[in-house]
Every structure is written in structure tokens, then in C-alpha cells.
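Me: Got a minute to go through this one with me? I'll put it up and then fire off questions.

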Amino acid sequence: MMAIDSHTGVGSQIPRLSLALLMLTQAVVVVPHGAHLSWWVIVVGLACAAWRWMVFQGRWGFPSRWIKVLLVTMAAIGVGLDVRLRALSAFSLETATALLIVAFALKLVETRSRRDAYVVIFLSYFVIATEFLFEQTMAIAAYELLAVVLVTAAMVGLNQMHTRIRPLVSLRIAATLVLQAAPLMLVLFLFFPRMAPLWSVPLPGGAQTGITDRVTPGDIAVLTQSDEIAFRVVFDGPIPHPRALYWRGIVYSRYDRGTWSVGPQHTAAHEPPLQLDIGTSTPRRYEVLLEPTQGVWLFALETPVPVSPGVELTRDYRLVADEPVRSLFRYRVDSFADYVADRSLPDWLERRETQIARGVNPRAVRFAAELAARYPNKRDYLDALLERIRVEPYRYTLNPPRLSSDDDIDEFWFDTRAGFCSHYAAAFVYLARLAGIPARMVGGYQGGEINPLTGHIVVRQYDAHAWAEVWLEDAGWVRMDPTAAVAPQRIEQGLDAALSEPDRATLSALTALRFGGSKIADLMYWFESLEHRWNVWVVGYDSDRQYHYLRQLLGGVSPVKIGLVMLAGGAVSLALVALSLFWRRRTQSGHPLERTFRHFGKALGRHGMPRAPEESPRAFLARVAQWLDKPASDLMPLVESLEALLYNPMPDQSRHQRRFVERGLRRLRLEAALRNRN
Amino acid sequence: MEQAAKLARWERSERFGRWLDRRIPKSSRITLSQDSIFIFPTATGFVFGGLVVLLIIGAINYQNSLVYGVAFLLGSLFLVAILYTFRNLSGITLEYVASGSGFVGEPIEFEVRVARPSGAGREGVQLGWPDSIPQWAEIFDHEAAPVHLYVTSSARGWLRPGRLLVETYYPLGLLRAWTWVDLDAKAIVYPQPIFGAAPDASARQRDEGVLVDPKGSDDFNDMRGYRPGDSVRRILWRTYARTEELIVKEYASYVDPRFILDFDAVPGDTEERLSRLTGMALTATNLQREFAVALPGTFIESGLGSAHLERVLRTLALYGIDDGD
């Protein structure tokens with residue numbers, strides 16, 4: 001950076017109030033980063049802030065060079081350790097952010113010149129932008145907007161005259177500036193062409209959320225229910241009933257010692273690329289806004305065809321993204337509900353979908369053999385399984401007993417008979433495979449909640465579900481949901497209806513409220529719809545959406561057109577600002593008391609005692625005194641206060657005096673009116 | 001810090017000066033408008049621009065709408081700041097009010113009145129000549145304010161501080177709006193006085209016969225301590241011999257109608273002579289002694305008092321200088 005501090009001619013010191021604002025600013029912009037920073041970065045930040053505060057108070061000195069070297073070394077070691085401990089990549093976004101924040105905190109300690117202050121201000125803007133790589137909710141955006149105003153206020157404070165720096169004044173000016181910049185920003189946001197990434201960058205990592213690619217039902221003692229949003233869906237046509245919505249995500253084909261996982265994926269080497277013979281059926285068309293999952297799998301209704309780029313169809317009719325979903329991901333899908341998936345099954349696939357561990361679950365093996373003997377027809381066999389779940393005392397619960405890893409199916413099917421969707425789906429698939437029927441477990445979400453305000457569907461983590469798919473001659477893959485046999489309410493009305501009292505205890509407070517069906521629920525709908533619109537129009541506004549929107553708006557997209565619109569929009573928004581700046585409001589001119597006195601002069605003019613043009617207050621009041629037959633000395637205190645106020649460089653420090661003058665002038669007006677009466 | 005140090009070379013060049021003369025003609029009262037205000041980003045402003053570009057690149061690579069939002073908001077802020085910074089100078093009236101006078105090497109005061117249009121106050125406006133320390137104009141609460149600037153001259157004669165730099169960085173410090181106005185201000189600078197040789201040293205040659213014997217003078221009035229510049233002849237040597245104290249006699253009116261400070265009678269080159277005469281004139285005035293001044297081509301009749309002194313100093317200051325305007 002160049003000699004930034006040379007430009008005022010009043011030295012390079014930072015005004016104290018401006019510095020205080022700067023320190024506040026720093027705290028405000030770092031706070032949201034607390035969610036993904038290690039605790040020690042926070043400690044370093046707090047220590048630096050405390051030190052700077054002591055310097056500010058004049059109790060401590062600035063750190064010496066050695067202490068600075070020590071601090072920087074410690075910070076570097078700290079970041080290094082952090083990378084090791086949290087198993088982050090050295091070039092991950094988290095590491096970079098931690099480094100940025102530490103550097104930011106250390107910079108504050110040594111901030112003393114205007115140039116330092118500008119470095120801190122620019123870093124603040126940068127830290128604000130960085131936060132959006134981790135979170136993009138409306139609440140965070142609103143918070144960061146306030147932070148931008150605060151940072152700008154610190155910058156304004158640096159450029160105000162020292163006599164006029166007051167934090168509130170700087171804040172007001174900064175807020176006005178940001179407000180006036182908003183229309184132009186909007187124009188740029190809408191029309192600035194969105195481009196493809198220039199090079200690949202590390203995206204925020206973090207724990208996987210939602211469903212995972214391996215499931216061990218027996219391990220789970222308590223299924224915690226989160227009301228976090230998994231994804232939102234907007235249907236082009238009518239919204240289907242939630243009961244019919246099975247959002248397929250992951251297909252678990254492989255079973256090993258109680259754990260279900262995704263089977264080996266066979267690619268084009270074995271099989272020609274999957275071509276759907278759609279025929280003439282009309283698809284159900286919708287758009288999904290998926291929250292980050294850190295996985296590649298996407299969710300769609302049965303037999304989907306991807307419309308958006310970057311989305312592909314797999315051999316088991318799932319959709320996957322080209323890259324793990326690390327930020328809000330938007331994709332359009334056409335789903336063909338009537339499509340018959342896999343009219344014939346290739347050998348390798350049949351082997352995969354009937355694979356079973358031998359030598360475990362002996363009771364289940366015997367049970368399946370007996371049942372298959374009784375029901376040679378495959379459909380009958382499967383129906384018998386469902387019937388058993390329906391009739392026997394099976395129980396749906398979120399607090400199932402644990403199962404052993406080897407004979408988990410046996411234990412569940414014959415002993416505990418209590419579990420949630422994956423238990424039932426796993427046992428069902430296992431028993432189907434024992435009878436030689438190709439079957440697999442599918443993980444995803446079932447149902448969803450229609451927001452009455454916008455008509456979109458919200459699918460939350462507690463809608464996570466697992467079910468089974470079996471392959472039948474002529475019918476292809478058929479979905480069968482054993483959970484519907486044990487807890488039909490779960491499918492019909494959602495999780496809430498299927499819960500028992502002990503299950504409810506595992507719900508978070510917010511989820512419980514959501515199920516309460518009160519006014520608060522309405523409010524939540526409203527927030528939800530707001531958040532949805534935010535996701536669609538702001539967070540999800542990408543080149544694709546921009547293109548559609550601009551085509552709609554301009555009736556065609558060409559660089560010239562966009563350039564012209566941007567130019568025109570920019571000109572109009574700046575012209576508005578210019579108008580507000582250069583428009584001179586004559587009546588509002590001058591000192592507030594000057595105005596008051598002008599009004600006073602006019603009022604007395606109506607009573608027959610006009611003030612001569614440019615007559616000084618002193619001269620005019622002397623004439624008024626004479627006119628009212630008062631000794632001139634009576635009005636002296638008033639005249640003196642008035643003059644002190646009019647020519648005082650610090651006008652708002654003497655509110656007292658001002659009130660005195662205003663009262664005095666009012667009394668004179670009254671006396672003038674009375675004099676005319678008599 | 002003096003402003004001269006940070007002016008770019010082109011700003012000091014003669015061509016730029018001539019161009020400015022055409023664009024903003026010399027006048028003692030100038031109201032700034034878009035014709036006369038320049039605006040350009042500061043170094044800080046360029047760094048800010050770099051930050052915006054960096055954010056846009058980040059937004060493209062991360063495909064992040066909200067980072068785009070921050071970048072666009074900052075960019076817009078910059079554009080709005082252009083209007084603010086420009087507005088901060090626009091409409092301001094500068095008027096040259098008065099100037100003081102002084103000797104070479106002394107700071108000489110100039111008063112400039114800065115007035116703004118009624119309405120919103122202006123903040124952080126400063127003015128200064130290249131050789132002066134810039135001053136703030138306090139025109140936020142008041143519609144007009146006087147600004148006192150001090151310029152030190154190194155040569156006698158007319159001091160024309162030249163174009164006045166009016167500038168502002170308000171509100172964000174990212175942009176600088178400035179202008180150069182020539183208010184046609186000038187002040188007179190007297191020669192730097194040299195005290196030392198007695199004023200009568202030069203006078204004696206012509207006035208020997210007329211000189212009154214101090215001892216016999218009726219006008220002898222008072223005695224006081226010796227001050228540098230006093231005539232050696234007026235020292236009471238007898239007192240000195242007794243008390244070793246230098247006492248001089250003073251006269252109510254030193255009757256010497258022909259006490260002349262003569263340019264030709266003092267040593268040195270022209271400037272040194274003028275400096276010596278200045279010193280003498282000051283001393284003579286201090287001693288309440290009437291004096292006349294003889295310069296080649298000019299003669300100022302004998303006189304006393306501040307008006308006389310000023311006339312003498314002015315003549316000395318402008319000696320040999322074309323009093324153009």
C-alpha cells in the first residue's frame with residue numbers, strides 16, 4: 001500500500017472515537033466466524049482486542065517488535081496445529097479463514113496510523129465476504145449488512161473533522177451512503193453477467209449432514225430428529241400429495257454384518273449408458289434447492305431425468321452431481337412416475353441385488369425358506385412379509401433397542417420387533433433376498449411440508465426415510481415400504497403422527513413447536529417462505545436463473561442489450577443520489593435559530609412590525625422593544641443569548657439557552673398580538 | 001507537513017499552470033463548479049478498487065451470490081462517494097479578504113473567506129498554498145468561515161502565493177476532489193531589517209554643522225539605559241566612569257530636521273543596504289526620531305509615526321521592483 005496516511009495534512013493519527021468504532025467493528029465482523037473457528041483463534045482475537053483496549057485507555061504501550069514476532073510465530077504454529085488436529089487440508093478454506101482472522105486480530109494490536117486503520121477496514125470488508133462462503137442465510141446477510149454500515153462508519157470517522165466526529169453522526173452518514181448505494185448494487189446484482197468459475201477453489205468442508213452412504217440400523221439407540229431443512233422443491237404443475245413423495249437419494253445394495261452400503265458401481269464398461277425410453281408420457285417437472293450435504297447424491301422422485309447441467313443419472317436411477325454439494329445447489333428434474341425401470345435385469349445386477357452374507361441370521365434363513373415354500377409366487381411372498389409386520393406386535397419407535405452386528409436381522413425380526421424405517425426396510429430387503437428376489441434398500445426422504453404462502457415443499461431432516469425396492473418380472477423395480485405396514489400414519493401424515501410420548505422427548509424444542517400447530521407455526525411458515533424466496537432469488541441467482549430472468553425481462557439476451565440496461569440502470573440510480581445531494585431546499589437553509597428568527601420576523605410583520613431585510617436580530621429586537629414600550633434593557637438577556645447561539649461554533653451544546661430564546665421569542669409574539677388587540 | 005512536497009511534477013509544471021489560468025481565471029472571488037473541480041481516486045481508493053475486483057473474482061470462483069452482493073455494494077459505495085466528494089467542494093465560494101504584511105522570513109497572514117451554499121454542511125474541506133500549512137474550513141455549522149493562512153517569503157516585494165489548493169477527501173478518503181484557484185492574493189514583504197550601526201552614522205556626514213551639542217540642549221529630557229542602536233555620543237561617559245553603567249540621554253525632540261537615511265551612505269549590496277535602512281527606520285521610529293529616506297530616484301520627506309514608517313517600509317520593499325498592480 002502506498003502512502004495513504006499523507007492526505008489530511010493533520011497528521012496520521014486516528015481520531016479516538018474512530019478507533020473505538022474500529023475496535024467494535026472488528027468484534028462484530030469476527031463473531032459469525034466463531035461457528036467454524038477453533039477456540040484458540042477466538043482466544044487470540046480476544047487477547048488482541050483486550051490489549052488494544054488497554055492501549056486505547058493509555059494503560060499499556062504498543063507491543064514491542066519482539067512481542068509482535070512472538071505473536072506471529074505463535075499464531076503460525078497455532079494454525080499449523082489446528083490443521084493437524086482437525087485433519088484439514090493445508091489449503092482448505094477453514095485454514096485460510098483462520099489465518100485471515102488471526103492476521104486481522106494481530107493487525108489491530110499495532111494499529112496506530114490512518115494507514116493501519118485502512119488496512120483493518122479493508123480486512124473487515126474481506127472478513128464479511130468470507131463469512132458468506134460458510135453461511136448464506138437471510139439472518140447472516142442482514143447481520144453482515146449492518147456490519148458493512150459499521151465498517152463504513154469507521155471509514156467516515158477517519159475523514160471527518162476532528163471537532164465533528166461523533167459515532168452516531170458517522171453511523172448516520174455511513175447508513176445513508178449504504179442506502180444510496182443499494183439501488184446501484186441491485187442493478188449490478190441483476191445484470192452483471194455471471195460467469196463460470198475461473199479456476200477451482202477449496203470449498204468449505206464440514207460434517208456431512210442428512211443421510212449417509214452407509215447405514216447400520218442396529219447401532220442406533222436414539223435417532224435424533226433435526227428440523228434442519230434438507231431441501232426445498234418447487235413444482236411447475238400441481239403439487240402432489242406428500243404421501244406420494246418418495247425422494248430417492250441413495251441405493252444400498254450391499255449388506256455386510258449389519259451394515260448396508262452402496263454397492264459397487266458398474267459403469268459403461270459393463271453396460272451401455274442408461275437411456276430412458278420415455279415414450280409419450282408427460283413428466284412431473286420440478287426444481288430442487290438442496291442445502292449443502294457434502295455428498296454427490298441428489299434427491300428426486302422416481303425415475304428422474306436431469307435437466308440441469310452438472311447432474312447425471314446412475315445405473316440405479318439415482319441422480320448425482322459432478323461435485324460434492326458444498327453450497328446451496330439448484331437443479332431441475334423431470335420425473336416419469338409410470339416408467340418401468342429395468343424391464344429385464346442384467347446378470348451382474350441381479351447378482352448384486354441378491355447378494356447376502358451366508359452363515360448369519362439362521363432363524364431368518366429358516367423363516368424365509370418356510371415362507372417361500374408356502375408362497376411360491378414372489379408377490380405373495382412379499383405381501384406375506386408385510387402382512388406379518390402389520391399383524392404381529394411390531395412397533396415403530398425412535399428409541400429402538402440395540403442389536404448385535406452378526407444376527408441383527410434375526411434379533412429384530414423375532415425378538416425386539418421395535419425399530420424405525422431402516423430396521424423394517426433392512427429386514428424386508430434381507431428376507432426378500434433370502435427368497436431369491438432382487439431387492440435393495442433405498443435411503444432418502446419421504447413426504448414434506450407444503451408452505452401455504454408460496455406453495456413450495458419443504459423437506460426437513462426429520463423426513464429422512466428408508467424403504468425397499470424389489471424387482472419383479474414385467475414390473476421392473478417396485479417400491480415397497482414396510483414402514484407403511486407398521487406405522488401408516490408416518491407415511492400419511494408425517495413423522496409427528498407416528499410418534500409416541502417417549503419419542504417426542506427426543507425432539508428439539510423447535511421441532512416440537514413446529515408440531516404444535518399454533519400461531520408460532522404460522523409465523524414459522526412465514527419465515528420459511530421468506531427464506532425460500534431468499535434462496536431462490538438471491539442465493540440461487542446464478543447464470544442459469546439470470547439468463548431466464550433476463551430473457552423474460554428483455555425478450556432476448558445479447559451483450560449489447562445487457563450493457564445498455566446496466567448503463568441505464570446505473571445512470572438512473574446514480575442520478576437519484578445526485579438529485580438528493582444537489583437539490584437545494586431553500587426553506588431549510590441556515591442555522592435552525594436563524595429560521596426561527598425569520599419566522600418570528602414574519603409573524604411580527606403580520607402584527608405591523610416588519611423586520612427590515614438583513615436587519616440584525618439585535619437591531620430588530622431593539623426596535624421591537626421600543627414599539628412595545630419596553631425598556632431596551634428588558635430584552636438584553638434575550639438578545640445576548642440569541643447572538644451567542646447564532647455565532648457560537650458549537651450550536652448543539654447549548655440546548656438550554658436555545659429553549660430560553662425560543663420561549664422569549666414566543667412571549668414577544670404574544671405581546672405583539674396583544675398590543676394590536678388593545 | 002507542507003503541501004508542496006506531495007504535489008506531482010505535472011501539477012507544478014508551467015503548462016499545467018497556463019492551462020489552469022484559462023480554465024479557472026484569476027479572480028478575488030471564485031465559486032467552485034464542475035468546470036473547476038478535479039476528482040481522482042487516492043491511493044487508498046485504488047486499493048479499495050483492488051479489493052472489489054478481488055471479491056468479484058472470489059464470487060465467480062465460489063459461485064457465491066452473496067459475495068457478489070458485497071462486491072457490488074462496495075463498488076456502488078465507491079461511485080456514490082464520487083458524488084459526495086464532488087458535492088463537498090461544489091458551490092463553495094472562496095474570497096480573498098485581506099492580507100497582513102511583514103518582513104522577509106516572517107509568516108505573513110492571508111485571510112480567505114470560505115462560504116458554502118445554504119443547505120447541507122460541508123466537512124473536511126481544507127485549503128492551503130503550496131508553501132503554507134493547510135487549514136480546515138469550518139463550514140459545517142456555519143455558512144461561511146474565515147480561514148487564516150500563513151506564508152513565509154524569502155524575498156522582499158510583493159508576495160503572491162499563487163494558486164490556492166482547495167481539497168477534500170470526505171466522506172471515505174477513497175477519492176480526492178481538489179481545485180487550484182488564483183484569488184489574486186498578494187501581500188507586501190519588507191526587507192529583513194539589519195540592526196547594528198547607529199542610524200546617525202550615515203546622517204552625520206551631511207548634518208555635522210547642524211548637530212546640536214547634547215550638553216547644551218534644553219530639550220534634554222530624560223535618562224535611560226543604553227539600547228543597542230543608540231548613538232555612542234549620547235552615552236553619559238562620566239556616569240559610566242563612576243558606575244560602569246551605560247546611560248544615554250534622551251531628548252523630547254531631537255531637533256534634526258535633516259536626519260536622512262541615505263541609501264548611498266550604507267555599506268553592502270542593494271539588498272543589504274535596503275535591510276540596513278529598514279533596521280534604521282525601525283530604530284528611529286522606536287526612538288521617536290524624525291527621519292527622511294533618500295533612495296536613488298526617490299526621496300521621502302522627514303516624518304515620524306506609523307504611517308510614515310509604513311510608507312518608508314513600503315518604498316524600501318518595492319525599491320527596484322516594478323509595481324505592476
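Me: Which strands of chain B does helix α7 lie across?
Reply: This is a predicted model, to begin with. In it, helix α7 of chain B, residues 270-286, lies across β15 and β16, running at about 170° to β16(B).

Me: And helix α8, what does that one lie across?
Reply: Helix α8 of chain B, residues 306-317, lies across β16 and β17, at about 160° to β17(B).

Me: OK, what sheet do those strands make, and in what order?
Reply: They form an open sheet of three strands, β15-β16-β17 of chain B, and the pairing is mixed. The edge strands are β15 and β17, the latter covering 298-303, and each pairs on one side only. From one strand to the next the twist averages 15°.

Me: How do β15(B) and β16(B) run, parallel or antiparallel?
Reply: Parallel, with three bridges joining β15(B) to β16(B), which is residues 291-295. To pick out one pair, Asp262(B) has Ala294(B) as its bridge partner in β16(B).

Me: How many residues of β16(B) are buried?
Reply: Five of the five, so β16(B) is largely enclosed by the rest of the structure. Side chains in a regular strand alternate between the two faces of the sheet. Here both faces are covered: Phe291(B), Val293(B) and Leu295(B) are buried on one side, and Ala292(B) and Ala294(B) are buried on the other.

Me: Where does Ile260(B) sit?
Reply: Ile260(B) is in strand β15 of chain B, which spans residues 260-262.

Me: Is Ile260(B) buried or exposed?
Reply: Buried. Its relative accessible area is 3%, and the cut-off for buried is under 20%. If you want a distance from there, Ile260(B) and Glu290(B) are 8.9 Å apart C-alpha to C-alpha, with their positions 30 residues apart in sequence.

Me: Switching sheets. What's the strand order in the four-strand one of chain B?
Reply: That open sheet goes β1-β3-β5-β8, with antiparallel pairing. β1 (29-31) and β8 (144-152) of chain B are at the edges with a single partner strand each, so each has one side without a neighbour in the sheet. The twist there averages 25° from one strand to the next.

Me: How many bridges are there between β3(B) and β5(B)?
Reply: Six. β3(B), residues 93-99, and β5(B), residues 107-115, pair in the antiparallel sense. Within that pairing, Leu94(B) stands opposite Val114(B) in β5(B).

Me: Over to chain A. How many helices and strands are there?
Reply: Chain A has 24 helices and 18 strands. Of its 678 residues, 48% are buried. Counting contacts in chain A between residues at least 6 apart in sequence, 72% join residues at least 24 apart.

Me: What about β3(A), how many of its residues are buried?
Reply: Seven of its seven, so to speak the full run of residues 246-252.

Me: And which strand do the bridges join it to?
Reply: β3(A) is joined by six bridges to strand β14 of chain A, residues 439-446, and the two run antiparallel. Val251(A), for one, has Val442(A) as its bridge partner in β14(A).

Me: Now helix α5(A). How far does it reach from first C-alpha to last?
Reply: It reaches 31 Å over 21 residues (114-134), which is close to the 30 Å expected at 1.5 Å a residue. Of those 21 residues, 18 are buried, so α5(A) is largely enclosed by the rest of the structure.

Me: Asp116(A) caught my eye. Which helix is it in?
Reply: Asp116(A) is in that helix, α5 of chain A. At 11% relative accessibility, Asp116(A) counts as buried.

Me: What does Asp116(A) touch?
Reply: Leaving out residues up to four places away in sequence, Asp116(A) touches Lys107(A), Glu110(A) and Thr111(A).

Me: Last topic, the interface. How many residues of chain A are in contact with chain B?
Reply: 63 residues of chain A are in contact with 54 residues of chain B.

Me: And how much area do chain A and chain B bury between them?
Reply: About 5700 Å², with 72% of it on carbon and sulfur atoms.

Me: What's the salt bridge count between the two chains?
Reply: Zero salt bridges between chain A and chain B.

How values were computed:
Residues are numbered from 1 along each chain as its sequence is written. Chains are lettered from A and ligands numbered from 1 in the order in which they are written. This is a predicted model: local features need pLDDT of at least 70, side-chain atom pairs count only at pLDDT 80 or more; totals for chains, interfaces and linings use all residues. Side-chain values use heavy atoms; hydrogens and water are left out. Buried means under 20% relative accessible area, exposed over 50%, partly exposed in between (1.4 Å probe, protein chains only). Two strands pair if DSSP finds at least two bridges between them. Axes are lines fitted to C-alpha atoms, for helices over the stretch in contact, and angles run from 0 to 180 degrees between N-to-C directions. The expected span of a helix is 1.5 Å times one less than its number of residues. Contact means heavy atoms within 4.5 Å. Buried area is the accessible area (1.4 Å probe) that two parts lose on being put together, summed over both. A salt bridge is a side-chain nitrogen of Lys or Arg within 4 Å of a carboxyl oxygen of Asp or Glu.
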